[in-house]
Amino acid sequence: MRPFLFLVAVLLTGMPLGMSAQKKTIQQAQQLIKTGKELEKAEKLMTGLLKDSNNITNTKIHLTLFEAVKKQYEQGNEKLYLKQKYDTTALFNNTLKMFTVIEHLDSIESQKEKPSKRYGKWRERHVAYLNSIRPNLLNGGHFFSNKQQYEKAATFFNHYLNTATHPLYTQYNYADNDSLMPRAAYGAMYCAFKLNQPEEVLKHSALAAKIPRNKEYVYQFKAEAYNQLKDTVNYFNTLKQGFNINPHFTYFFPRIVDHYINCQQTDSAMTFVNQALRIDSLNPSFRFAQSTLLLNTGKYSQCIDICEDLIAEDDDFIEAYYNIGLAYFDEAIRLDKKMQRDKKTRDTITQLYRKSLPFMLRVREEQPKQQQKWAKVLYTIYLNLNMGDEFDEINRLITTKNQLTK
């Protein structure tokens, strides 16, 4: 008889045992929220209920979960206001949780044939509250970005941006009314750049570019994204756009010159460098690039003149030393290849090697690990100047390096 009596008891209550337990769990969580204690427990009780697919459409569970998180957020915010110790990470995490809880619940309610009776009222009230704390999504993005937690930071920035198109917040028209949207887009773009996510970088670039002081970086990140995607045309166009915005920003100019050189468009490279020099004739980077192009086209004396001026202005401009050394060296090699071997030519070649030597030694002294720049050059100079001890030393160095790379 006991099983029968048990069934009768259930029927008389009119409520399945599972629903009764569910109701008690909700009441327990609500009581914890009311007292303001063990709020994390209240949150876990509700997330536990939502793991059961039968509870997904239960509005009360979602709203109780929201209140548990909201209470935690407000307690943390109060500590912040009173300048007491508080968990900053938890404060921002709870901000994001509140948005996701209400947005998820709204999605569920909007799909019901008959939404909950109080759906309209709680929707209006909660959306207003979320709007008031929305800046903390942006602040959370900056917080985690500064901690180099870029993936987490991107979540906050993207959520802030996505509210502009979410139906819950239509009345606020964030796209037109929120002047901070470009900041969020730049934050999301920067995180995507750090995470090597080129598509995400490009996704946010147009909005991020609306911040004037960040434009150079926006175009740098865009260029890097196109380069990662092997989109050469857009990569190069973005470099040129970035240079036009700020010719003095160090990223664009050398890459544009390199692009022309890699494409064997030396004349175009020189035209571009001359354009840059018309903008700023004293810019060391522009002048050095001009010297390199002159070196590569065999105009050695002009290359040397420019680099001597650069060294006079900055004695530590090592690349200028390198270009002078190569200019003398390459001229010697050019003369050495000629069939004519009269004494005058031989003396000129020797003199050119001697002129090259101190510049290449300075490069070696300043850049000892970059042997590919100076080792073979010095080898040839020592050989032609009959510098036996120096030749033996550089020969051993090159031989040892070749053995290590085999």
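1. A good place to start is the handedness of a helix pair: α5 passes α6 in a left-handed crossing. Left-handed here means that the near helix is turned anticlockwise from the far one by less than a right angle, and right-handed that the turn is clockwise. Helices are DSSP runs of H or I with at least four residues, strands are E runs of at least two, and numbering goes from the N terminus.

2. Some ground rules before going on. This is a predicted model, where local features need pLDDT of at least 70, side-chain atom pairs count only at pLDDT 80 or more, and totals for chains, interfaces and linings use all residues. Residues are numbered from 1 along each chain as its sequence is written, and side-chain values use heavy atoms, with hydrogens and water left out.

3. Now the geometry of that pair. Helix α5 covers residues 88–110 and helix α6 residues 119–133; they pack at an angle of about 150°, with axes 11 Å apart. The axes are lines fitted to C-alpha atoms, for helices over the stretch in contact, with angles from 0 to 180 degrees between N-to-C directions. α5 and α6 are therefore roughly antiparallel, given that angles over 145 degrees count that way, under 35 as roughly parallel, 65 to 115 as roughly perpendicular and the rest as oblique.

4. Who meets whom? From α5 come Thr95, Met98, Phe99, Ile102, Leu105, Asp106, Glu109 and Ser110, and from α6 Tyr119, Trp122, Arg123, His126, Tyr129, Leu130 and Ile133. Contact means heavy atoms within 4.5 Å. By class, the contact of α5 with α6 has nine nonpolar, three polar and three charged residues. Ala, Val, Leu, Ile, Met, Phe, Trp, Tyr, Cys and Pro count as nonpolar, Asp, Glu, Lys and Arg as charged, and the others, Gly among them, as polar.

5. Tyr129 deserves a look of its own. This residue sits in helix α6 and counts as buried because its relative accessibility is 17%; buried means under 20% relative accessible area, exposed over 50%, and partly exposed in between (1.4 Å probe, protein chains only). Leaving aside residues up to four places away in sequence, Tyr129 touches Phe66, Lys70, Tyr73, Glu74 and Met98. The C-alpha atoms of Tyr129 and Met98 are 9.8 Å apart, with their positions 31 residues apart along the chain.

6. The loop between α5 and α6 holds Lys112, which is partly exposed at 23% relative accessible area. Lys112 touches Thr57 and Thr59, again not counting residues up to four places away in sequence. Thr57 is 55 residues away along the chain, with a C-alpha separation of 8.7 Å.

7. For a second helix pair, try α13 (residues 232–245) and α14 (residues 252–262), which pack at about 140° with axes 9 Å apart. They are therefore oblique to each other, and their crossing is left-handed. Among the residues in contact are Tyr235, Phe236 and Phe243 of α13 and Phe252, Phe253 and Ile256 of α14. By class, the contact of α13 with α14 has eight nonpolar, four polar and two charged residues.

8. Two backbone values are worth checking. Asn196, in the loop between α10 (181–194) and α11 (198–208), has a positive phi near 55° and is exposed at 52% relative accessibility. Lys230, in the loop between α12 (215–228) and α13, has a positive phi near 60° and is exposed at 72%.

9. Finally, the cysteines. The structure holds zero disulfides, a disulfide being a pair of cysteine sulfur atoms within 2.5 Å. Cys191 is buried at 0% relative accessibility, whereas Cys263 is partly exposed at 38%.
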